[in-house]
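Got a few minutes to poke around a model together? Have a look at the coordinates, then try each question before reading on.

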Amino acid sequence: MGAPPIVKGTAAWRYFGDFRAGLLAGQVLLLQVAHPVVAAGVRDHSNYTEDPWTRLQQTAASLSVYIYGGPAGARYEADRLRELHKTFKGVDAEGHRYSALNPHAYAWVHATLVKVPVDAQRFFGRPMTTAELDEYYAQMCDVGRLLGVRDQDMPPDWPAFERYYDEMVAGFATNETIETLFDTIRTVPNPVRWLPGPLWTRLRPWQYRAQLFFIRGTLPPAFRDRLDLQWTVADQRRFSRFCSATRLITSLIPVSARSTLVRTVGRLNVWLRAHPRARRLLVH
């Protein structure tokens, strides 16, 4: 039986846009660029080092469309992404030619996005039940097909997906793009115009330490060790306390409200594409 469409009440609708997944933004980007083809593409074709905040906003907007933008919005976004990535080609760190549409790399990026909401619930909420995981994964496989991920590159069920995910991570090591990512987090520019520069100069080291803390706390432990990221017993206690506090506080927020922002962004993006004049006014 096929997956139900992503509509109110289904697993993907409930969990994909949960705002707590934002705490995993650094972790998922690091895992994506751990793949050598993705690392080369980001190195050669991404402007995230110059303007990481805009890049993050664009990524979030894109995700919101293909999950919450309805079938037409999802198809439009999928076509746009594939057309965009057709031009991303080059030579990787080992001298091999690459394409951003390399099916294995393309599938890996999708896999990291599939995993984020599951990890967000595991760390900061209530872990999904087996039934929820089955429905959620089936829905995300449909999204993957829409994006052009091949069936043979998507494991058939959630347990198989977890084995695939773990095997992929076990083969990764550090690379130049990962090091650049850490430097970018450390030196990231002021995110908003209204924030005084001297204040951001004081806040930036705190932002860096917080990002690094969440990356270290949520990465697969064996991969964290291969990156030489220190993680002590005291760190684990602090992280566990944070997770417990976040779980307790956010449990007071209705499930549907936790994804309100992302759902709204998705609907807004679909509306703006149907009204290009309004879109141009907002952009400029």
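What follows is a short round of questions and answers on this predicted model.

Q: How far apart are the end C-alpha atoms of helix 9, and what span should its twelve residues give?
A: Helix 9 runs over residues 176–187, and at 1.5 Å a residue the expected span is 16 Å. That agrees with the distance between its end C-alpha atoms, which is 17 Å.

Q: Which residues of helix 9 are buried, and within what arc do they fall?
A: The cut-off for buried is under 20% relative accessible area. In helix 9 the buried residues are Thr-177, Ile-178, Leu-181, Phe-182, Thr-184 and Ile-185. Looking down the helix axis, these buried residues line one face, because they fall within an arc of 160 degrees.

Q: Which residue caps the N-terminal end of helix 9?
A: Look for a side-chain oxygen 2.9 Å from the backbone nitrogen of Thr-177. The residue that supplies this oxygen, and so caps the helix within the 3.5 Å limit for a polar contact, is Asn-175.

Q: Which residues touch the most other members of the largest nonpolar core, and which helix gives the largest share?
A: The core has 68 residues, and those touching the most other members are Leu-30, Tyr-136 and Phe-223. As a general point, nonpolar side chains tend to be buried together in soluble globular proteins. The largest share of this core is twelve residues, and they come from helix 6.

Q: Which residue of helix 9 is in contact with Phe-223?
A: Leaving aside neighbours within four places in sequence, the contacts of Phe-223 include Leu-30, Leu-31, Ala-34, Val-169, Phe-172 and Ala-173. One more name on that list is also among the buried residues of helix 9, namely Ile-178.

Q: Are the rings of Phe-124 and Phe-242 stacked or edge-to-face?
A: There are 18 aromatic pairs in the structure. In this one, the ring centres lie 6.2 Å apart and the planes meet at 90 degrees. Planes over 60 degrees apart count as edge-to-face, so the pair of Phe-124 and Phe-242 is edge-to-face.

Q: Is Phe-124 buried or exposed?
A: Phe-124 sits in helix 6, 118 residues from its partner Phe-242 in helix 12. Phe-242 has a relative accessible area of 31%, so it is partly exposed. Phe-124 has 0% relative accessibility, so it counts as buried.

Q: With which side chain does the side chain of Thr-10 make a polar contact?
A: Thr-10 lies in the segment before helix 1, and at 9% relative accessibility it counts as buried. Beyond four places in sequence, Thr-10 touches Pro-5, Glu-135 and Gln-139. The side-chain polar contact, at 3.2 Å, is with Gln-139.

How values were computed: Residues are numbered from 1 along each chain as its sequence is written. This is a predicted model: local features need pLDDT of at least 70, side-chain atom pairs count only at pLDDT 80 or more; totals for chains, interfaces and linings use all residues. Side-chain values use heavy atoms; hydrogens and water are left out. Helices (H or I, at least four residues) and strands (E, at least two) are DSSP runs, numbered from the N terminus. The expected span of a helix is 1.5 Å times one less than its number of residues. Buried means under 20% relative accessible area, exposed over 50%, partly exposed in between (1.4 Å probe, protein chains only). The arc is that of the directions from the helix axis to the C-beta atoms. A polar contact is a pair of N or O atoms within 3.5 Å; within protein, one must be able to donate a hydrogen and the other to accept it, and residues adjacent in sequence count only if both atoms are side-chain atoms. A nonpolar core is a set of buried Ala, Val, Leu, Ile, Met, Phe, Trp, Tyr and Cys residues joined through side-chain atoms within 4.5 Å. Contact means heavy atoms within 4.5 Å. Rings of Phe, Tyr and Trp (its six-membered ring) pair if their centres lie within 6.5 Å; planes under 30 degrees apart count as stacked, over 60 as edge-to-face and the rest as tilted.
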